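This report goes through a single protein chain, moving from individual residues to helices and then to the overall dimensions. The structure is shown first.

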Amino acid sequence: MSTTWTIIGATLPDGSTTDLHISNGVFVEEAPTGAERIDARGLRAQPGLVDLHTHLREPGGEEAETITTGTAAAARGGFTATFAMANTNPATDTPERAEQVRRLAAGASTEVVPIGSVTKGLAGEELSDIAGMNSRAGVTVFSDDGFSVPSAGLVRAAMEQLLPFDGVLAEHCQDQTLAGSSACCHEGPVSEELGHVGWPTIAESVVIARDVQIAQYLGARLHICHVSTAEGVEVLRWAKARGVRVTAEVMPHHLLLTVDELRTGDTTYRVNPPLRSPEDVEAVRQALAEGIIEIVATDHAPHRKQDKDKPFPEAKPGMVAIEHVLSVVIETMINQGRLSWSGLADRMSHRPAQIGRLAHQGRPVAVGEPANLVLVDPAARSLVDREQALSKGRNNPYHGRNLPDPVVATFWRGRQTFSR
Ligand SMILES: [Zn+2]
């Protein structure tokens, strides 16, 4: 496959139009000899997307996804980097296991960055070797995603480990005493109607409130995973006004879908945190537009069919997202005039790379920079068909919906990792 490219007439995030030349993995000034030409007139040239929250399932969950299939799906979604969540089997909780994730990713279609667990085995009891995972395996993001770090004391102890290298704790905010493992539906009229155990908004916001206060006290960095509620946004707004070093992410499903989907009974819609009310959807869209929520991540969570073919409360929580996140953000934010293309580059490339301390990702599309690029057709639309996925996951909440179909091609370090 070609390693030199000339891309004609692409529109950059700032709206200007240019020809792009790629050689040796970087954007160069002059057209390289023998370059393969791509006519990109009418297409947007955006920096490759960076996902701070991906479940690649390997090791241990290869029936649901592998690093190969998950990153192929990511490249199709426009991504050039994915941060692999620690809740694999075994969990990524030692320097050796973090190194193993990097080794398994040798042939992947995106850069894969291991996230380390905060506690051993994500059990919420004893801290993992946080310093060792940083010094020996370069890990900068730590998360027990799937669970909240259960106590304020453990959050403090973890943040004290993170401070020397300015690492970040990425918190899954779900207070177990307010929303335990049987809670499966946003608490409100729909949970009452369907007889599901409610997952109240405050189970999210009280954990955010706890952690931002600890982060402020210590001067540590905190990142809030998958914000889904208006209350969560309010606490973030309060914390940011006080200078707390906190960042936050929203997922595509919380930007597009509401709790009403649960009336279908389809377990695809079982997800943590759950789909929320229309008011919550509006709050997270507004927060993303304002920058109270800095980034969009995916929480791409493929599951085996048998783990979803269960009564709703028992189905495994999570949905696939990585091939459709850009579709959803274009539909809910760009097409609504709430985010510009340069805003998109900020929210899905620059800021997630910055939070994860990935210096060579999320850079501008410009001469001398790494050639991490996604070519986007802003007008294309299609019906989503879950059987066409590159991911192994078929738990696709967008199946059958008419959505933007934007990704034309993806390049990671000058290598074409997806082409339609
Ligand atoms: Zn989570």
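R338 sits in the loop that links α11 (325-334) and α12 (341-355). The model is a predicted one. R338 has 15 other C-beta atoms within 10 Å, a count between the limits for buried and exposed, so R338 is partly exposed. Leaving out residues up to four places away in sequence, R338 touches R285, A289 and M333. E290 lies 48 residues from R338 along the chain, and the C-alpha atoms of the two are separated by 9.0 Å.

A second loop residue, V365, is placed between α12 and β16 (373-376). Is V365 buried or exposed? V365 counts as buried, because 24 C-beta neighbours fall inside 10 Å and the cut-off for a buried residue is 20 or more. Apart from neighbours within four places in sequence, the contacts of V365 are L12, L20, F27, A45, P47 and L373. The C-alpha atoms of V365 and P13 are separated by 8.5 Å, although the two positions lie 352 residues apart along the chain when counted as sequence separation.

**Helix α1**

Helix α1 covers residues 67-76, and nine of its 10 residues are buried, so the helix is largely enclosed by the rest of the structure. The buried residues are I67, T69, G70, T71, A72, A73, A74, A75 and R76. What covers these buried residues? The cover includes the strands β6 (49-54), β7 (79-84), β8 (111-114), β19 (407-412) and β20 (415-419), together with helix α2 (95-104). Just after α1, G78 adopts a positive phi of about 100 degrees.

**Two helix pairs**

Helix α2 also packs against helix α3 (residues 130-137), and helix α4 (residues 152-162) packs against helix α6 (residues 202-218). The packing values are set out below.

| Pair | Angle | Axis separation |
|---|---|---|
| α2 and α3 | about 40 degrees | 8 Å |
| α4 and α6 | about 40 degrees | 10 Å |

The angle between α2 and α3 makes α2 oblique to α3. The crossing of α2 past α3 is right-handed. On the α2 side the contact is formed by P95, A98 and E99, which meet G132, M133, R136 and A137 of α3. By class, this contact of α2 with α3 has four nonpolar residues, one polar and two charged.

For the other pair, the angle makes α4 oblique to α6. α4 passes α6 in a crossing that is right-handed. A152, V155, R156, M159 and E160 are the residues of α4 that meet R210, D211, I214, A215 and L218 of α6. The contact of α4 with α6 divides into six nonpolar and four charged residues, with no polar ones. An α-helix has 3.6 residues a turn, so residues three or four places apart point the same way.

**The whole chain**

The protein has 12 helices and 20 strands. How many of its residues are buried? Of the 420 residues, 58% count as buried. Contacts between residues at least 6 apart in sequence join residues at least 24 apart in 74% of cases. Along the principal axes, the C-alpha atoms fill a box of roughly 65 × 45 × 45 Å. The radius of gyration is 20 Å, which agrees with the value near 22 Å for a compact globule of 420 residues.

Methods
Residues are numbered from 1 along each chain as its sequence is written. This is a predicted model: local features need pLDDT of at least 70, side-chain atom pairs count only at pLDDT 80 or more; totals for chains, interfaces and linings use all residues. Axes are lines fitted to C-alpha atoms, for helices over the stretch in contact, and angles run from 0 to 180 degrees between N-to-C directions. Helices (H or I, at least four residues) and strands (E, at least two) are DSSP runs, numbered from the N terminus. Angles under 35 degrees count as roughly parallel, over 145 as roughly antiparallel, 65 to 115 as roughly perpendicular and the rest as oblique. A crossing is left-handed if the near helix is turned anticlockwise from the far one by less than a right angle, and right-handed if clockwise. Two residues are in contact if their C-beta atoms, placed from the backbone, lie within 7 Å. Ala, Val, Leu, Ile, Met, Phe, Trp, Tyr, Cys and Pro count as nonpolar, Asp, Glu, Lys and Arg as charged, and the others, Gly among them, as polar. The radius of gyration is taken over C-alpha atoms; the globule rule is 2.2 Å times the number of residues to the power 0.38. A residue is buried if 20 or more other C-beta atoms lie within 10 Å of its own, exposed if 12 or fewer, and partly exposed in between; C-beta atoms are placed from the backbone.
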